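Trainee: Could you take me slowly through one part of this structure, the enclosed spaces inside it and what surrounds them?

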Amino acid sequence: MNRLLKRPTKPLIIPLLLGLLLSGCANQLFYHPDKEDYRSPKQDGYTFEESYFESEDGTKLHTWRIPAIGEEKGSVLHFHGNAQNLSSHYAFVSWLPKNGYTLYLFDYRGYGKSEGVTSRKGLYQDSVAALRYFEKQTEGKTSPRFVIAQSLGAANAIVAIAQTSDLKIDGIVSDSAFSSYQAIASEKLGKSPLKLSLPLLVSSGFDPIDWVDKLDGTPIAFVHGTADKVVSDKHVDLLYAKAKHPKLLWIIEGGQHTNALTTNREIFIPRILRFFDQCTSNDFPENEPEPSPASDS
């Protein structure tokens with residue numbers, strides 16, 4: 001489950017945010033980790049490996065590797081959203097190994113079995129470290145590397161990939177990303193007078209809107225639901241407009257937060273697999289395609 005800055009009831013929001021303002025902790029509202037075990041790849045008949053790698057500051061991060069079934073077509077690194085841990089988000093991408101893709105999942109600091117305490121800079125460092133770990137694990141392979149990233153994970157992935165241009169990623173799927181931390185916080189504050197104090201409540205920095213145009217030609221497919229109550233579809237409009245070609249926009253009419261790979265799996269699994277093929281064959285239209293809608297039924 002992804003739940004960015006979950007809004008409290010109206011009688012509580014102003015005193016809560018005032019307290020956060022005074023304590024300087026509003027940035028922590030973005031993170032909802034836990035340590036529970038939700039699902040194992042063994043339940044889907046997969047073998048898998050658990051290991052750890054180090055973030056930039058030495059924090060140990062937990063990871064899973066699930067080998068492809070049959071001939072490997074490529075490898076995929078998954079960046080999960082802001083709640084729970086990799087064992088709950090695994091369900092979004094559990095279909096990849098049986099479709100020929102080796103799957104890598106990892107937990108940010110403070111999530112699941114990873115060490116440390118959540119912070120924006122820390123999660124950025126973890127995202128860069130995950131990309132470098134992914135590169136090392138797939139070194140020497142001729143098959144392509146892809147990223148599927150969701151919600152907070154998509155925000156982190158866009159920034160980290162843009163700032164590590166020495167690493168080759170063949171394509172990105174960005175599901176339900178927000179454009180900036182202050183923009184999503186502004187939405188949650190609504191008409192509250194605390195909006196005037198937004199720069200003090202939530203800092204800027206590591207915002208995907210500042211980096212999405214610096215992906216160095218890496219193809220990116222954005223997916224977002226028009227009824228997303230966690231991250232409104234205004235964010236994907238901003239990100240898509242600023243991103244450079246090759247890019248795609250998949251709109252789910254009536255879609256909720258990150259449900260492209262839940263209630264819309266039958267549509268989006270084939271669409272993502274086709275996107276991966278396009279990335280490796282450079283089979284993109286010369287002109288930027290029009291946004292493509294999908295039914296949420």
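**The second largest cavity and its surroundings**

Mentor: The second largest cavity has a volume of about 30 Å³, in a model that is predicted. Its lining is made up of Ile 148, Val 173, Asp 175, Val 223, Trp 250, Ala 260, Leu 261, Phe 268 and Ile 272, and at least two of the lining residues come from each of strand S8 (171-175) and helix H8 (265-281). Sorted by class, this lining holds 8 nonpolar residues, no polar ones and 1 charged one.

For the other space, turn to the largest cavity, where about 60 Å³ of space lies; the structure holds 2 cavities of 30 Å³ or more. Among the residues that line the largest cavity are Val 212, Asp 213, Asp 216, Lys 244, His 245 and Pro 246, and its lining divides into 5 nonpolar, 3 polar and 3 charged residues.

Some names from the smaller lining return when we look at the nonpolar cores. The largest nonpolar core has 51 residues, and those with the most contacts inside it are Leu 77, Phe 79, Leu 131, Val 147 and Phe 222. Helix H4 (residues 152-162) gives the most to this core, with 9 residues. A second, separate core of 32 residues includes Trp 64, Phe 146, Val 223 and Ile 252, and Val 223 also lines the second largest cavity. Ile 148, another residue of that lining, is touched by Leu 77, which also touches Tyr 104, Phe 106 and Phe 134, among others. As background, nonpolar side chains tend to be buried together in soluble globular proteins.

Definitions and conventions: Residues are numbered from 1 along each chain as its sequence is written. This is a predicted model: local features need pLDDT of at least 70, side-chain atom pairs count only at pLDDT 80 or more; totals for chains, interfaces and linings use all residues. Side-chain values use heavy atoms; hydrogens and water are left out. A nonpolar core is a set of buried Ala, Val, Leu, Ile, Met, Phe, Trp, Tyr and Cys residues joined through side-chain atoms within 4.5 Å. Buried means under 20% relative accessible area, exposed over 50%, partly exposed in between (1.4 Å probe, protein chains only). Helices (H or I, at least four residues) and strands (E, at least two) are DSSP runs, numbered from the N terminus. Contact means heavy atoms within 4.5 Å. On a 1 Å grid over the protein atoms alone, a cavity is a set of points where a 1.4 Å probe fits but cannot get out, and a pocket is an open set with protein on both sides within 12 Å along at least five of seven lines; lining residues have an atom within 4 Å of a point. Grid points are joined across faces, edges and corners, and a volume is the space filled by probe spheres set on the points. Ala, Val, Leu, Ile, Met, Phe, Trp, Tyr, Cys and Pro count as nonpolar, Asp, Glu, Lys and Arg as charged, and the others, Gly among them, as polar. Lists of a residue's contacts leave out its neighbours within four places in sequence.
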